Amino acid sequence: MAEHTYEELKGKTVAQLRDLAKEVDHEAVRGYSTMHKEPLVEALCTAYGIESHVHHEVVGVNKAKIKSKIRELKTKRDEALEARDKKQLKEIRRQIHGLKRKLRKATV
């Protein structure tokens with residue numbers, strides 16, 4: 001079996017995927033000639049033993065530090081909710097929102 005990646009399989013045409021499936025003897029690719037692209041990619045991933053999703057990576061920021069800060073803010077948010085302090089609640093929610101956006105921006 002040739003080594004393939006999920007991204008590589010996703011970029012191929014249905015005809016190319018069916019040619020690959022023709023060479024594989026696996027339960028998951030039975031009926032490959034009538035499969036559409038998505039199920040065919042999933043079946044080939046199962047047959048080749050590769051993960052069938054894209055992995056994202058955070059680059060340029062300390063993810064653990066930001067996540068711990070978000071957890072701290074969430075406990076403060078819960079306290080502000082109980083105290084019914086709307087001003088502090090809004091401030092904390094904005095901080096949490098900003099940190100989450102920072103993480104998403106750094107995701108590649």
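Contact here means heavy atoms within 4.5 Å, and by that measure residues 24 or more positions apart account for 53% of the contacts in the protein with a separation of 6 or more. Keep in mind throughout the tour that this is a predicted model.

**The whole chain**

Begin with everything displayed as a cartoon, where you will find five helices and zero strands, so that from the N terminus on the elements run α-α-α-α-α. The radius of gyration is 23 Å, well over the 13 Å that the globule rule gives for 108 residues, so the protein is more spread out than a compact globule. If you turn the C-alpha trace along its principal axes, the spans come to about 65 × 30 × 20 Å. With a surface display switched on, the accessible surface amounts to about 8100 Å², of which 50% belongs to carbon and sulfur atoms, while 24% of the 108 residues count as buried.

**The largest core**

Next, select Leu 9, Val 29 and Leu 44, which touch the most other members among the 15 residues of the largest nonpolar core. Colour helix H1 (6-11), helix H2 (14-23) and helix H3 (37-48) as well, since these are the elements that give two or more residues to this core; the largest share, seven residues, comes from H3. In soluble globular proteins, nonpolar side chains tend to be buried together.

Now centre the view on Leu 9 and ask which residues it is in contact with, leaving aside its neighbours within four places in sequence. The set consists of His 4, Leu 17, Leu 20, Val 41, Leu 44, Cys 45, Tyr 48 and Ile 50.

**Helix H3**

Select H3 by itself, a helix of twelve residues that reaches 16 Å from its first C-alpha to its last, close to the 16 Å expected at 1.5 Å a residue. Show the side chains of Leu 40, Val 41, Ala 43, Leu 44, Cys 45, Ala 47 and Tyr 48, which are the buried residues of this helix, and then bring back H1 and H2, which are included in what covers them. Just after the helix, stop at Gly 49, whose phi is positive, near 75°.

**The loop between H4 and H5**

Move on to Arg 84, which lies in the loop between H4 and H5. Its phi is near 60°, a positive value in a residue other than glycine, and Arg 84 is exposed, with a relative accessible area of 74%.

**Helix H5 and its partner**

Select residues 86-106 to isolate helix H5, which has 21 residues and reaches 30 Å from its first C-alpha to its last, close to the 30 Å expected at 1.5 Å a residue. Which residues of H5 are buried? They are Leu 89, Ile 92, Ile 96, Leu 99, Leu 103 and Ala 106, and if you look down the axis of H5, these buried residues fall within an arc of 130°, so they line one face of the helix. Add helix H4 (63-83) to the selection, because the buried residues of H5 pack against it. On the other side of H5, select Lys 86, Lys 87, Lys 90, Arg 94, Arg 104 and Lys 105, which are exposed.

**Back to the core**

To finish, return to the core residues that include Leu 9, Val 29 and Leu 44, in which H1, H2 and H3 each give two or more residues. Apart from this core lies another, of nine residues, and you can pick it out by selecting Ile 66, Ile 70, Leu 73 and Leu 89, which are among its members.

Definitions and conventions
Residues are numbered from 1 along each chain as its sequence is written. This is a predicted model: local features need pLDDT of at least 70, side-chain atom pairs count only at pLDDT 80 or more; totals for chains, interfaces and linings use all residues. Side-chain values use heavy atoms; hydrogens and water are left out. A nonpolar core is a set of buried Ala, Val, Leu, Ile, Met, Phe, Trp, Tyr and Cys residues joined through side-chain atoms within 4.5 Å. Buried means under 20% relative accessible area, exposed over 50%, partly exposed in between (1.4 Å probe, protein chains only). Helices (H or I, at least four residues) and strands (E, at least two) are DSSP runs, numbered from the N terminus. The expected span of a helix is 1.5 Å times one less than its number of residues. The arc is that of the directions from the helix axis to the C-beta atoms. The radius of gyration is taken over C-alpha atoms; the globule rule is 2.2 Å times the number of residues to the power 0.38. Accessible areas come from the Shrake-Rupley method with a 1.4 Å probe; for residues, only the protein chains shown count as cover.
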